[in-house]
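Please open the model in a viewer and keep the sequence panel visible. The tour proceeds by selection, each stop stating what to display and what is found there.

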Amino acid sequence: FSEDLKKQILSWVEEIQQWEPTPGEHMLYYEKGTGPEELMLCRTENFLPYHEKMASLLSKQGPVLDVLEQLMNESAVLFKEKINYKLPGGGGFPPHVDAPAFKSFGQ
């Protein structure tokens, strides 16, 4: 992707990161921060219906699925959208394997 598109994506993510919680729309998830009462945003899900530019980027007509389809040599479908934020002082996740996903594929 071009440097201009990378900057646009970063600005869209920063915009989404500033959204207020809105029941029934996008979903925001928080983790404990470094302070005793501090909560930090760690993830946003279900944002495509509320952000036209990001939806265009990731939609069937957008460049991301186009690249994926070229790599896989078959149609691609967006199953779920999610932004994980790795902010300073955040907890993160310990190393792990998503075992249930592997069971689904017989591994």
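Select Glu3 and Lys6 and show their side chains: the two form a salt bridge, with the closest N and O atoms 3.1 Å apart. The term salt bridge denotes a side-chain nitrogen of Lys or Arg within 4 Å of a carboxyl oxygen of Asp or Glu. Both residues belong to helix 1 and are three residues apart, which places about one helical turn between them. Glu3 counts as exposed at 53% relative accessibility, whereas Lys6, at 43%, is partly exposed. Here buried means under 20% relative accessible area, exposed over 50%, and partly exposed in between (1.4 Å probe, protein chains only).

Before moving on, note that this is a predicted model, in which local features need pLDDT of at least 70 and side-chain atom pairs count only at pLDDT 80 or more, while totals for chains, interfaces and linings use all residues. Residues are numbered from 1 along each chain as its sequence is written, and side-chain values use heavy atoms, with hydrogens and water left out.

**The whole chain**

Colour the protein chain by secondary structure. Four helices and three strands appear, and from the N terminus they follow the order α-β-β-α-α-β-α. Helices (H or I, at least four residues) and strands (E, at least two) are DSSP runs, numbered from the N terminus. A surface display covers about 8200 Å² of exposed area, 57% of it supplied by carbon and sulfur atoms; accessible areas come from the Shrake-Rupley method with a 1.4 Å probe, and for residues only the protein chains shown count as cover. Of the 107 residues, 27% count as buried.

**The sheet**

Next, select residues 27-32, 39-45 and 82-84, which are strand 1, strand 2 and strand 3. They make an open sheet in the order 1-2-3 with antiparallel pairing. Strands 1 and 3 stand at the edges with a single partner strand each, so one side of each has no neighbour in the sheet. From one strand to the next the twist averages 30°; for such angles, axes are lines fitted to C-alpha atoms (for helices over the stretch in contact), and values run from 0 to 180 degrees between N-to-C directions.

How many bridges join strand 1 to strand 2? Six bridges join these antiparallel strands, where pairing requires that DSSP find at least two bridges between two strands. To inspect this pairing, select Glu31, which stands opposite Met40 in strand 2. Then follow the backbone through the hairpin, where six residues connect strand 1 to strand 2.

On the other side of the pairing, strands 2 and 3 are held in the antiparallel sense over three bridges. Select Thr44 to locate its bridge partner in strand 3, Ile83.

**A network on strand 2**

Keep strand 2 in view and show the side chains of Arg43, Glu45 and Lys80. Glu45 meets Arg43 in a salt bridge at 2.7 Å, N to O. Glu45 also forms a salt bridge with Lys80, the closest N and O atoms being 3.5 Å apart. Since Glu45 lies in strand 2 and Lys80 in the loop between helix 3 (63-72) and strand 3, this pair ties together parts that are 35 residues apart in sequence. Shared partners thus join Arg43, Glu45 and Lys80 into one network. Are these residues buried or exposed? Glu45 is buried at 5% relative accessible area, Arg43 is buried at 18%, and Lys80 is partly exposed at 47%.

**The nonpolar core**

Now select Ile16, Phe47, Leu48, Met54, Leu57, Ile83 and Tyr85. In the largest nonpolar core, which has 15 residues, these touch the most other members. Such a core is a set of buried Ala, Val, Leu, Ile, Met, Phe, Trp, Tyr and Cys residues joined through side-chain atoms within 4.5 Å. Helix 1 (3-17) and helix 2 (52-58) are the elements giving two or more residues to this core.

Centre the view on Leu48. Beyond its neighbours within four places in sequence, Leu48 is in contact (heavy atoms within 4.5 Å) with Met54, Ala55, Leu58, Leu78 and Glu81.

**Last stop: helix 3**

Finally, select Asp66, a residue of helix 3 that counts as partly exposed at 39% relative accessibility. Add Ala76, ten residues from Asp66 along the chain; their C-alpha atoms are separated by 8.1 Å.
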